[in-house]
Amino acid sequence: MTNVPDRLGLRDISAGSLASGLVDRINASQAGALPGLLDFQWLEAERGLVRGRFEIAAKHFSPHGLLHGASLVALADTACGFGCLASLPDGATGFATGELKTNFIGAAREGGVRCEARLVHAGRTTQVWDAEIRSEATGKAIALFRCTQMLRYPPAKASDHAPQGERS
């Protein structure tokens, strides 16, 4: 198993205590990880909203010459993930993506692509995020993305469990 450190300092931004310079911390945290390798740039991050982009380069294309869908999915999923971290409820320690879906509705071959991710459901155990990716050159939408994040909490202690007949 590969040990990957928490370079973002999750505990510093979770549960509503957003630290100043969050966008700078997010950008710095991705060095050496997939978002850094794809040169994602984060422009805005706050509870319920993240905006980012990348400049289209050869590494973002498929072998047959189209902008690879995985590049767009990675941008949207990363935006929603950083947004989820910035929007965790009290006591939550992290998340895992439970489901994601993308509709590709356009194309881009040059310039940049921009992503805006918004929180549409903030529950105690799940969050649902929508993201839209647009071509910066044309302003047209090229992908619509939705994901469900399963929120993680520390393991409960045995003394925290109610007897079987007393659960509500």
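**Salt bridges, sheet and ring cluster in a predicted model**

The side chains of arginine 53 and glutamate 136 come together in a salt bridge, with 2.7 Å from N to O. Arginine 53 belongs to strand β2 and glutamate 136 to the loop between β5 and β6, so this pair ties together parts of the chain that are 83 residues apart in sequence. The two ends of the bridge sit in rather unlike surroundings: arginine 53 is buried, at a relative accessible area of 10%, whereas glutamate 136 is partly exposed, at 29%. As with everything described here, this comes from a predicted model.

The count of salt bridges comes to nine. Another of them joins glutamate 116 to arginine 51, and here the closest N and O atoms are 2.6 Å apart. This one also links distant parts of the chain, with glutamate 116 in strand β4 and arginine 51 in strand β2, 65 residues apart. Glutamate 116 has a relative accessibility of 28% and so counts as partly exposed; arginine 51, at 23%, is partly exposed too. The pair doesn't stand alone, since Glu44, Arg51, Glu116 and Arg118 are linked in a network of salt bridges.

Then there is the salt bridge where the side chains of aspartate 130 and arginine 146 meet, at 2.6 Å from N to O. Aspartate 130 lies in strand β5 and arginine 146 in strand β6, which puts the partners 16 residues apart along the chain. Aspartate 130 is partly exposed with a relative accessible area of 25%, and arginine 146 counts as partly exposed with 41%.

What do the strands named so far build together? Six strands form an open sheet, with antiparallel pairing. Read across the sheet, the order is β1-β2-β4-β5-β6-β3. The edges are taken by β1 (41-46) and β3 (94-104), each of which pairs on one side only. From one strand to the next, the twist averages 15°. At the β3 edge, the partner is strand β6 (residues 141-152), and the two run antiparallel over ten bridges. To pick out one contact in that pairing, threonine 102 has phenylalanine 145 of β6 as its bridge partner.

A helix goes with the sheet. Helix α4 (residues 69-86) lies across β1, β2 (49-55), β3, β4 (112-122), β5 (126-135) and β6. Relative to β6, helix α4 runs at about 40°.

Now for the rings. How many aromatic pairs does the structure hold? There are three. In one of them, the ring centres of phenylalanine 40 and tryptophan 42 are 6.1 Å apart and the planes stand at 85°, so the pair is edge-to-face. Little of either residue is accessible: phenylalanine 40 counts as buried at 4% relative accessibility, and tryptophan 42 counts as buried at 3%. Phenylalanine 40 also pairs with phenylalanine 54, this time in a stacked arrangement, 5.5 Å centre to centre with 25° between the planes. That second pair reaches between distant parts of the chain, from the loop between α3 (34-37) and β1, where phenylalanine 40 lies, to strand β2, which holds phenylalanine 54, 14 residues apart. Phenylalanine 40 and phenylalanine 54 are both buried. Taken together, ring pairs link Phe40, Trp42, Phe54 and Phe82 into a cluster.

A ring also features in a contact of another kind. The charged end of arginine 124 sits over the ring of tyrosine 153, 5.5 Å from the ring's centre.

Last comes threonine 125, found in the loop between β4 and β5. Is threonine 125 buried or partly exposed? With a relative accessible area of 44%, threonine 125 is partly exposed, because the cut-off for buried is under 20% and for exposed over 50%. Which residues does threonine 125 touch, leaving aside those up to four places away in sequence? The list is Gln149, Met150 and Leu151. For leucine 151, the C-alpha atom is separated from that of threonine 125 by 5.1 Å, although the two residues are 26 apart along the chain.

Notes
Residues are numbered from 1 along each chain as its sequence is written. This is a predicted model: local features need pLDDT of at least 70, side-chain atom pairs count only at pLDDT 80 or more; totals for chains, interfaces and linings use all residues. Side-chain values use heavy atoms; hydrogens and water are left out. Two strands pair if DSSP finds at least two bridges between them. Helices (H or I, at least four residues) and strands (E, at least two) are DSSP runs, numbered from the N terminus. Axes are lines fitted to C-alpha atoms, for helices over the stretch in contact, and angles run from 0 to 180 degrees between N-to-C directions. Contact means heavy atoms within 4.5 Å. Rings of Phe, Tyr and Trp (its six-membered ring) pair if their centres lie within 6.5 Å; planes under 30 degrees apart count as stacked, over 60 as edge-to-face and the rest as tilted. Buried means under 20% relative accessible area, exposed over 50%, partly exposed in between (1.4 Å probe, protein chains only). A charge sits over a ring if NZ of Lys or CZ of Arg is within 6 Å of the ring centre and within 35 degrees of the ring normal. A salt bridge is a side-chain nitrogen of Lys or Arg within 4 Å of a carboxyl oxygen of Asp or Glu.
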